[in-house]
Each structure stands twice: as structure tokens, then as C-alpha cells.
Amino acid sequence: MDELTVAMKARDFVAKCGAPTLPVSVDVYAQQIGGAVKVEALAEHEDAWSVRLPSGRYRICVNCAHNSRRQRFSVCHEVAHVALEISADHSAPSWSYTRRPPGEVACDVFASELLLPYRLFKPRVDAADYSMAAITALADDFDASVISTGSRFASFSSDLCAFVLSEGGKVRYCARSAGLRDNGAWIRPGMVLPSDCLSARARGGERPSGSEDADPDQWFENWDRDGSLYEDVIHLDQWDQTLTLLWFDDEDLPPSTGDRRQWEERTQGLRELDGVLPWPGAKKRRP
Ligand SMILES: [Zn+2]
């Protein structure tokens, strides 16, 4: 099942649960599958598990040691297992993005759609400023983690924007807007944070006073285009996690140096400089 199919199924599921409130009620989602949520003592790294009772109803157990936002996500994840009819494989730790089985990733996608429903979230993304403060405020409104909120913020952004999660000073995960993906901007997982960037300095103990200019060459692999990039950051000392928001100020990025002449010809109607000025009015027209 691809990500889009999962997202569409989740949106149908949300619609069946009635008009969503803000923040959404995860108990309503559980009820929709005939489930009830219990908060219990589980193993330290276990998020949740669920079981089908002889009555046909479900019991969803979440870890009492986790904070309420993580518990809310876990409930939605368990609801996803039932709604998508995917059996649980919780052998790999939930924080491992690379080792997570495809079924578990699908349930995470479904859970994000439940917790931050497209219809409520997308208009808020469109209205928000580009800053980590704006993402934190959205996370508070939706009672979701800053990481989930930031990832979806970038994914839904109509502009050129990325949200990067780093741990121990290395990039672990990056969510990009459609525009940024179309422009081929790629941040490699495993990359060490650029040494003098705002994110690395925040990790080093500096307290950022706001967003800063960033160098696209340092962040994006094989990048040879211009564009004004900005960076904002929150560093969480407790887990050595660095959350970075990157965004371009441009609506469209100029193309790479190699393609630039073609691009200029096309957009400005200029012929290659051959010493002869183009005749006024002789500009090529597209058929
Ligand atoms: Zn699972």
C-alpha cells in the first residue's frame, strides 16, 4: 500500500468520525473501531499494543511512562493497524526510521493523518509564518509532538520548505514540500550538520535569537543553484535532537548554472549572445 493510498484511507476514516474538534479526540477514533484505551505500565520502549477481545471489541493499551502526546500518537497507530488490517510488527524500535517494516510505516502515516487531519491542518500551515515558534504553536493546538507537526508542516507547505530531524549532530530524517522535491533538493540522512550553521551552533549551546540566512550548498546534496535559504532551529538537549526548519524565500528557484542560459532564453526570449542583437519583435513565439 503506497503512502497516498494510506493517506486517503485515513482521510475517509476521519470523515466517518464526524466533524473533528481541535485537538482531535483519539478516544473517538478508538470508538470508531470498537476499541477502548487503557493506560498501563509497559516495557520501557514499547509504545502500545492492542488485542481483540472475544466480544469482537478492541483493547488498546498505551505506555503510562510516555508523555500524553506520544500516547495520543500511539493510540492512532493502533487504530491504524485495525483500520488498515495490518498486523503489528513491533520488533524494531519505533524510533528507527531505517529498520521500520513497511506495515509499521503505513500505520505511522495513517496515525499522522488522524492526529493532524488534512482539513484542519493544511489551512493552518498556509496561514503560518516560517518559524519553529509557529510549528511549536501548531503542535500545542493539535496536542501533537513538535516532530510530527514539523514533518507534516513541511510536507504540506505550498512553498519550498524542509523539516530536518538530527540526532547526535547527524541528520536522521527529512520531510520536504512537494516544491522542494520537484526541485531535486535532497538532504542525505547520516549527513553531519554543517559545522557553522545555526543548527550546529544551537547544538553547541548557542541560543538562537531567530532565523538566519543559510547556505543551500551546505544542506542540499549536489546543489548548484541560487536562492535565498533561511534556517530556524530548536535543540532538545535531553535527547540531543536538533529540529531544523529550512525554507527558500523564492517562489521559483533559478535553475542550475548549466541550464541557466536555456532558462534565460526561454523566460526572457534572449538568443544566445552572438554579437547580433535580436530584431525587435522577432522573438520566437511558442506555437
Ligand atoms: Zn505498529
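1. Let me start with Lys122, which is buried because its relative accessible area is 16%, under the 20% cut-off. Bear in mind throughout that this is a predicted model. What does the Lys122 side chain pair with? It meets the side chain of Asp126 in a salt bridge, 3.0 Å from N to O. Asp126 itself comes out as partly exposed, with a relative accessible area of 45%, so this bridge joins a buried residue to a partly exposed one.

2. Both of these residues sit in helix α5, which covers residues 118-127, and they are 4 residues apart, about one turn of the helix. That spacing fits the textbook picture: an α-helix has 3.6 residues a turn, so residues three or four places apart point the same way.

3. Other salt bridges reach further along the chain. By the rule used here, the count comes to 15 salt bridges. One of them pairs Arg70 with Asp47, and their closest N and O atoms are 2.8 Å apart. Arg70 is in helix α3, while Asp47 is in the loop between β1 (35-40) and β2 (48-52), so the pair ties together parts that are 23 residues apart in sequence. As for exposure, Arg70 counts as partly exposed at 33% relative accessibility, whereas Asp47 counts as buried at 19%. With the cut-off for buried at under 20%, I'd read that label for Asp47 with its 19% in mind.

4. Then there is Arg188 with Glu221, whose side chains meet in a salt bridge at 3.0 Å, N to O. This one runs from loop to loop: Arg188 lies between α8 (178-182) and α9 (198-203), and Glu221 lies between α10 (216-219) and β7 (229-236), so parts 33 residues apart in sequence are tied together. Arg188 is partly exposed, with a relative accessible area of 36%, and Glu221 also counts as partly exposed, at 33%. Elsewhere, Arg69, Arg72, Asp140 and Asp143 are joined into one network by salt bridges that share partners.

5. On to the metal. Which residues coordinate the zinc ion? His77, His81 and His90 do so through NE2, and Glu104 through OE, at 1.9 to 2.0 Å. The angles subtended by the 4 donor atoms run from 91 to 125°, which makes the arrangement tetrahedral. Along the chain, the donors follow the spacing H-x3-H-x8-H-x13-E. His77 belongs to helix α3 (residues 68-84) and Glu104 to helix α4 (residues 102-115), so this pair ties together parts 27 residues apart in sequence.

6. How covered is this site? His77 and Glu104 are both buried, and for Glu104 the relative accessible area is 1%. Setting aside neighbours within four places in sequence, Glu104 is in contact with His77, His81 and His90, and also with Ser87, Ala88 and Asp89.

7. Now the inside of the protein. As a general point, nonpolar side chains in soluble globular proteins tend to be buried together. In this model, the largest nonpolar core has 47 residues, and those with the most contacts inside it are Phe13, Tyr29, Val79, Leu84, Phe110, Leu114 and Leu115. Domain 1 (3-115) and domain 2 (119-248) both contribute residues, so this core lies between them. A second core, separate from that one, has 20 residues, including Met191, Leu246, Phe248 and Leu253.

8. Leu115 deserves a click in the viewer. Not counting residues up to four places away in sequence, Leu115 touches Val24, Val26, Phe73, Cys76, Phe142 and Ala144, as well as Arg72. Arg72 is also a member of the salt-bridge network in point 4.

9. Helix α7 (residues 146-156) is mostly covered, with 8 of its 11 residues buried. The buried set takes in Phe153 and Phe156, but also Arg152, Ser148, Thr149 and Ser151, along with Gly150 and Ala154.

10. For the overall picture, the protein has 11 helices and 8 strands. Of its 287 residues, 42% count as buried. Among contacts between residues at least 6 apart in sequence, 50% join residues at least 24 apart.

11. A last spot to look at is Glu206, in the loop between α9 and β6 (212-214). Glu206 counts as partly exposed, at 38% relative accessibility. From Glu206 to His235 the C-alpha to C-alpha separation is 9.7 Å in space, and the two are 29 residues apart in sequence.

Technical notes: Residues are numbered from 1 along each chain as its sequence is written. This is a predicted model: local features need pLDDT of at least 70, side-chain atom pairs count only at pLDDT 80 or more; totals for chains, interfaces and linings use all residues. Side-chain values use heavy atoms; hydrogens and water are left out. Donors are N, O and S atoms within 2.8 Å of the metal (3.2 Å for Na, K and Ca); water is not among the atoms, so sites may look incomplete. Four donors count as tetrahedral if all angles lie between 85 and 135 degrees; four count as square planar and six as octahedral if opposite donors are over 155 degrees apart and all others between 65 and 115; anything else is irregular. Helices (H or I, at least four residues) and strands (E, at least two) are DSSP runs, numbered from the N terminus. Buried means under 20% relative accessible area, exposed over 50%, partly exposed in between (1.4 Å probe, protein chains only). A nonpolar core is a set of buried Ala, Val, Leu, Ile, Met, Phe, Trp, Tyr and Cys residues joined through side-chain atoms within 4.5 Å. Domain bounds come from an automatic or database domain assignment. Contact means heavy atoms within 4.5 Å. A salt bridge is a side-chain nitrogen of Lys or Arg within 4 Å of a carboxyl oxygen of Asp or Glu.
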